[in-house]
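Open the model in your viewer and keep the selection tool ready. The stops below say what to pick and what to look for there.

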Amino acid sequence: MGNQGRFFINFVCALNLLHSALGSTRTLAFLGLNHNAGGIWRESNYGSGGVIIGVLDSGVTPGHPSFADDGMPPPPRRWRGRCDLPVPYTCNNKLIGARVFGSGTALDTGGRGTHTSSLAAGNFVKGANVFGNAYGIAAGIAPRAHIASYKVCGDCSESDILAGVDAAIYDGVDIILMSFGSPPSFGFFDNALAAPAFRAAQRGILVSMAAGDRGPSRPTVRNGAPWVLTVGASTIDRRMLVTAVVGNSRRLNGESNHQPKNFPSKALPLVFPGLHSDPFDNNPERHCESFANTTLLQGKIVVCAESRDDGIDSITQGENVKNAGAAAMILFNEEEYEGGGLGYTIMSRNHVLPAMALSYADGQRIIAYLNSSTSRPKTARLYFRGTVIGDRTAPTIASYSARGINRLSSGILKPDIIGPGHSILGAWHESVENKSNTNSNFNIQSGTSFASAHLAGAAALLKSIHPKWSPAAIKSALMTTADQLNHAHKPIQEGYQLDTANVYDMGSGHINIQKAADPGLIYDTHPADYLPYLCGLNYTDDEVRQLVNRPVNCSVIGSIPQSDLNYPSLTIPVFDEPRTVNRTVTNVGFDNEVYTAEFSSDFPMVDISVEPRTLKFTKKNQKLSFRVTVTPHTNDTVALEGSLTWSSSHHSVRSPVVVFLHYNYFEQ
């Protein structure tokens, strides 16, 4: 086996990673979805039952096998949509509709709409992979749900989005996926996405939306309306692994979709053209945008910092390095700038030459090695390990996943939940490998867009099992059953500095789709309940009218504080006096079930209590209310977080609780 083989075994054992088994592209197995097991797939018949997901995005690729209709029933009789695909394409029982708003055709030319559609409800496709990596069976979360595509993102104009949502509502969809972020606004009333999402909620349609990719700074979360499901992005336990051995001993683990099988394992000279540059000077050599002397790079491994120029991506950097005659490239995450930065979140990307990406910390280790005073030549070896699974630190929140507080409504915790969104394999509109003999094209993408697609599929599974549940009920089930621990049974971390994640990073936690099918209790909300909430935001009657599309008189409707909306999480502002918030839960478990309340022990400086402490249900769909009161014992300005859990012998219903003491931007 040789030294390289022995090193590989030791390395894998040390990280407790296993070679990927053929049969899954991992996200499904990571979430506990399995052909041969029971659970929510069997209970929902894979999302069958006439559930329709309307995907508002960049269009769709109808010839892709993810949208074949093998095993699919016809669309439900209520379906009223159209198929505006150009000849020779047609719709089928999987892709039941395709429309375009704006110019062009309903076909996808950018890839995101195809990718998100396949993640939500793509059919089973064998042999899915990218450059031979992540090989296995690809499928969406709800592989038997129907897909209707609405191309609104030729340019994502507000008018096209509004028209697309109205069409989806008329056509009869059950779930809407809008995986793009809303532009900044002063309130929900002038937000380009909040108003159309409210229209959908009024018609009983759950809307899954991306939290945005502007983390790790805060507050950056978008799509913060309480009537939508706002989704952050997390990792799965799969890596396309590359190991750099720097000098003689230090091993640095990174990732790359491009895994050459014949790259030499010998030590090669290591050089960083921008070694002595300032990280904030945008030095072109630091970011491999151009080089003063390319002869110094020939045959070497070239180190580059991630570019801060949106027009210079990793492909362009790689082309520059390749054209200089280099043998390989190492990209490292740059430190925080403009509120962003990838930190420990490594982007596995496609490359034009042998390459790997490293975390910011490992990039600094390479710089320290190159700056060291040793007289030996500076070298590195690259070992391309392929696809490995079993990273027990997953899920970790992607550093770019947007964080709370919710700017437009600080009394509503956002994001609501996190789900797989980092390094996700899904259908693609063209071959990234320049293959011309297949339509089965896939790509690996990262972002909260892809997390929201997975949650849209999860919502479709729940809708299939519980067809009468409201959007708020489905959202509540997902939130109150979410996980707070990773696969090593330790608190979930955020991916910028590997700190323990807080509620502004992950909301309620990471999706546990198996538990969500049977949540026990739900926090339900009727669309009319949002009116006093909106009036409580001090919007004028006209501003509320703009949002809900009908006349409103707040003096007649009345108002409630943000924190009193019947939401599955609790955000409680407290000033000098005790503060009480109210909630109502609905029993969707057993007829006779008794729940007892318990707070986590994370609330110093206040007394927190719930009344009553016991909820006794005697029948299904029975509603009971409770009050949470917080009494301050300090004048300090501080935020406290913990949780309230209602537990019975069969169910555990958890809500994150945030207490803001003496924060002036909350209502008093």
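**Stop 1: two cysteines**

Select Cys288, in the loop between β12 (268–271) and β13 (301–305). Helices (H or I, at least four residues) and strands (E, at least two) are DSSP runs, numbered from the N terminus. This is a predicted model: local features need pLDDT of at least 70, side-chain atom pairs count only at pLDDT 80 or more, and totals for chains, interfaces and linings use all residues. Residues are numbered from 1 along each chain as its sequence is written, and side-chain values use heavy atoms, with hydrogens and water left out.

Phi of Cys288 is near 55°, a positive value in a residue other than glycine. Most residues other than glycine have a negative phi, and most peptide bonds are trans. Cys288 is buried, at a relative accessible area of 0%. Buried means under 20% relative accessible area, exposed over 50%, and partly exposed in between (1.4 Å probe, protein chains only).

Now pick Cys156, in the loop between β6 (146–151) and α5 (158–171). Phi of Cys156 is near 55°, again positive in a residue other than glycine. Cys156 is partly exposed, with a relative accessible area of 30%.

**Stop 2: cis peptide bonds**

Go to the loop between β16 (379–389) and β17 (417–420), where Ile405 sits. The Gly404 to Ile405 peptide bond is cis, with omega near 25°.

Next, show Pro612, in the loop between β24 (606–611) and β25 (614–617). The bond from Glu611 to Pro612 is cis, with omega near -5°.

**Stop 3: Ser401**

Return to the loop between β16 and β17 and select Ser401. Ser401 has 0% relative accessibility and counts as buried. Which residues does Ser401 touch, not counting those up to four places away in sequence? They are Gly212, Gly215, Gly232, Ala233 and Thr448. Contact means heavy atoms within 4.5 Å. Add Asp213: Ser401 and Asp213 are 188 residues apart in sequence, and 4.9 Å apart in space, C-alpha to C-alpha.

**Stop 4: helix α6**

Select residues 194–202, helix α6. Seven of its nine residues are buried, so α6 is largely enclosed by the rest of the structure. The buried ones are Ala194, Ala195, Pro196, Ala197, Phe198, Ala200 and Ala201. Turn on the cover, which includes α5, β7 (175–178), β8 (206–210), α10, α13 (530–536) and α14 (541–548). Just after α6, Gly204 takes a positive phi of about 80°.

**Stop 5: helices α9 and α10**

Show α9 (residues 448–465) with α10 (residues 471–480): they pack at about 115°, their axes 10 Å apart. That makes α9 roughly perpendicular to α10. Axes are lines fitted to C-alpha atoms, for helices over the stretch in contact, and angles run from 0 to 180 degrees between N-to-C directions. Angles under 35 degrees count as roughly parallel, over 145 as roughly antiparallel, 65 to 115 as roughly perpendicular and the rest as oblique.

Color the contact: Leu455, Ala458, Ala459, Leu462 and Lys463 of α9, with Ile474, Ala477 and Leu478 of α10.

**Stop 6: helix α8**

Finish at α8, residues 360–371. At 1.5 Å a residue, its twelve residues should span 16 Å (1.5 Å times one less than the number of residues). The end C-alpha atoms are 16 Å apart, which agrees. Which residues of α8 are buried? Select Ala361, Asp362, Gly363, Ile366, Ile367, Tyr369 and Leu370.
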